[in-house]
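Welcome, and thank you for joining this walk through a structure. Please open it in your viewer and keep the sequence at hand.

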Amino acid sequence: MHTGGFARWTRRFEGERERRRAQGDPDWGQSAALHPAVWASIQRFQVGEDGDGANLVGKADQAGDADYAQAVRLFIAEEQNHARLLARLLAAGGIATLTGHWSDVVFVRLRRLMGLRMELLVLMIAEVVALRYYRALRDGTDDSLTADVAGRILSDEQRHVPFHCERLHASLAELPRAVRRPVMALWRLLLLAVSLVVAADHGPALRRLDIGRLRFVVDVMASSHAVVSAVLVPRPDAWPQDTVIDRD
């Protein structure tokens, strides 16, 4: 498949990598103080961010676009950096990382069911949920180190979503036109189901972050409209590097 245009995404990822190097890490000398429910929530998200991404890389290589495959590798490096940042944040609070969590196992198995299209559709659910979660973590606590870490991760996620939208548009274009909207409608239903599970599982933390379960789900679903639109009817330069798709 010819996807085209992903050389600019490679440049964006590389530019962001250089910016991170120049910026340096958060001040890990600070301690972090959070409610136990928030710490438990962060532990679970840290597991989800971790992983080598080998399955996604293999499928990206098979897609036949070297620029896209390189961009995927840079995306995975950012996700691994998120896992590192969250692990360091947990350590600053004296909290251990988890070796695994059932939610991560389910997502990984779903992503590996079929080809690249299915992998990205499932991955996009996690990314859209993460947008709202990290915004809540950034804005819902008075802990400066936590807000710094969450803000850095959120900035990356705001680039990841349009990156995946662009590739999904190319993938769905292979399907008959009449099938594309139903596919994305089913995607939104799965997103709703996952959002409800996350809201239930992380409910105590969400309350401490001043958002609550219902508001979390409503906000996630509201942000999904922009995602569906970008996948089905993209516009040139509709997703500049600093686009924010989650809503206040």
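Buried residues make up 51% of the 248 residues in this protein. Please keep in mind that we are looking at a predicted model. The protein has 10 helices and 0 strands, and reading along the sequence gives the pattern α-α-α-α-α-α-α-α-α-α. How much of the contact set comes from residues 24 or more positions apart? Among contacts with a separation of 6 or more, such residues account for 81%.

Let us turn to how some of the helices pack. Two packed helices are described by the angle between their axes and the distance between the axes. Take α2, residues 36-49, and α6, residues 116-139: their axes come within 12 Å and cross at roughly 140°. The two helices are therefore oblique to each other, since the antiparallel class begins only over 145 degrees. The crossing of α2 past α6 is left-handed. On the α2 side, the contact is made by Val38, Ser41, Ile42, Phe45 and Glu49, while α6 contributes Ala130, Tyr133, Tyr134 and Leu137. Sorted by character, the residues of this contact come to 7 nonpolar, 1 polar and 1 charged.

Helix α6 also packs against α10. Here the axes come within 10 Å and cross at roughly 125°, which makes α6 oblique to α10 as well. This crossing is right-handed. From α6, the residues in contact are Met124, Val128, Val129, Arg132, Tyr133 and Arg135, and from α10 they are Arg215, Phe216, Asp219, Val220, Ser223 and Val227. The residues of this contact divide into 7 nonpolar, 1 polar and 4 charged. If you have both contacts on screen, look for Tyr133: this residue of α6 takes part in the contact with α2 and also in the one with α10.

While you are at α10, have a look at Ser224, which lies in this helix. Is Ser224 buried or exposed? With a relative accessibility of 0%, Ser224 counts as buried. Leaving aside neighbours within four places in sequence, Ser224 is in contact with Trp187, Arg188 and Leu191.

Just ahead of α10 there is a residue with an uncommon backbone angle. Most residues other than glycine have a negative phi. Asp210 is not a glycine, yet its phi is positive, at about 65°. Where does Asp210 sit? Its place is in the loop between α9 (203-208) and α10 (213-232). With a relative accessible area of 72%, Asp210 is exposed.

Next, the aromatic residues. A search of the whole structure finds 10 aromatic pairs. A pair of aromatic rings is described by the distance of the centres and the angle of the planes. One of the pairs is formed by Phe75 and Phe163, with 6.3 Å from centre to centre and 40° between the planes, a tilted arrangement. Phe75 lies in helix α4 and Phe163 in helix α7 (residues 144-172), so the pair ties together parts that are 88 residues apart in sequence. Both partners are buried: Phe75 has a relative accessible area of 3%, and Phe163 stands at 0%. These two rings belong to one aromatic cluster together with Phe6, Trp9, Phe13 and Tyr68.

Staying in α4, find Glu78. Glu78 counts as buried, at 1% relative accessibility. Which residues does Glu78 touch, leaving aside neighbours within four places in sequence? They are Phe13, Glu16, Arg20, Asp156, Arg159 and His160. Phe13 thus links two parts of our tour, as a member of the aromatic cluster and as a contact of Glu78.

Our last stop is Arg88, which is found in the same helix, α4 (residues 66-92). Arg88 is partly exposed, with a relative accessible area of 37%. Not counting residues up to four places away in sequence, Arg88 touches Asp25 and Trp28. Trp28 is 60 residues from Arg88 along the chain, and the C-alpha atoms of the two are separated by 7.5 Å.

Methods: Residues numbered from 1 in each chain as written. Predicted model: local features only at pLDDT ≥ 70, side-chain atom pairs only at ≥ 80, totals over all residues. Heavy atoms only, no water. Axes fitted to C-alpha atoms, helices over the stretch in contact; angles between N-to-C directions. Helix = DSSP H or I, 4+ residues; strand = E, 2+ residues; numbered from the N terminus. Parallel < 35°, antiparallel > 145°, perpendicular 65-115°, else oblique. Left-handed = near helix turned anticlockwise from the far one by under 90°. Contact = heavy atoms within 4.5 Å. Nonpolar A, V, L, I, M, F, W, Y, C, P; charged D, E, K, R; others polar. Buried < 20%, exposed > 50% of the residue type's maximum accessible area, 1.4 Å probe, protein only. Phe/Tyr/Trp six-rings, centres within 6.5 Å; stacked < 30°, edge-to-face > 60°.
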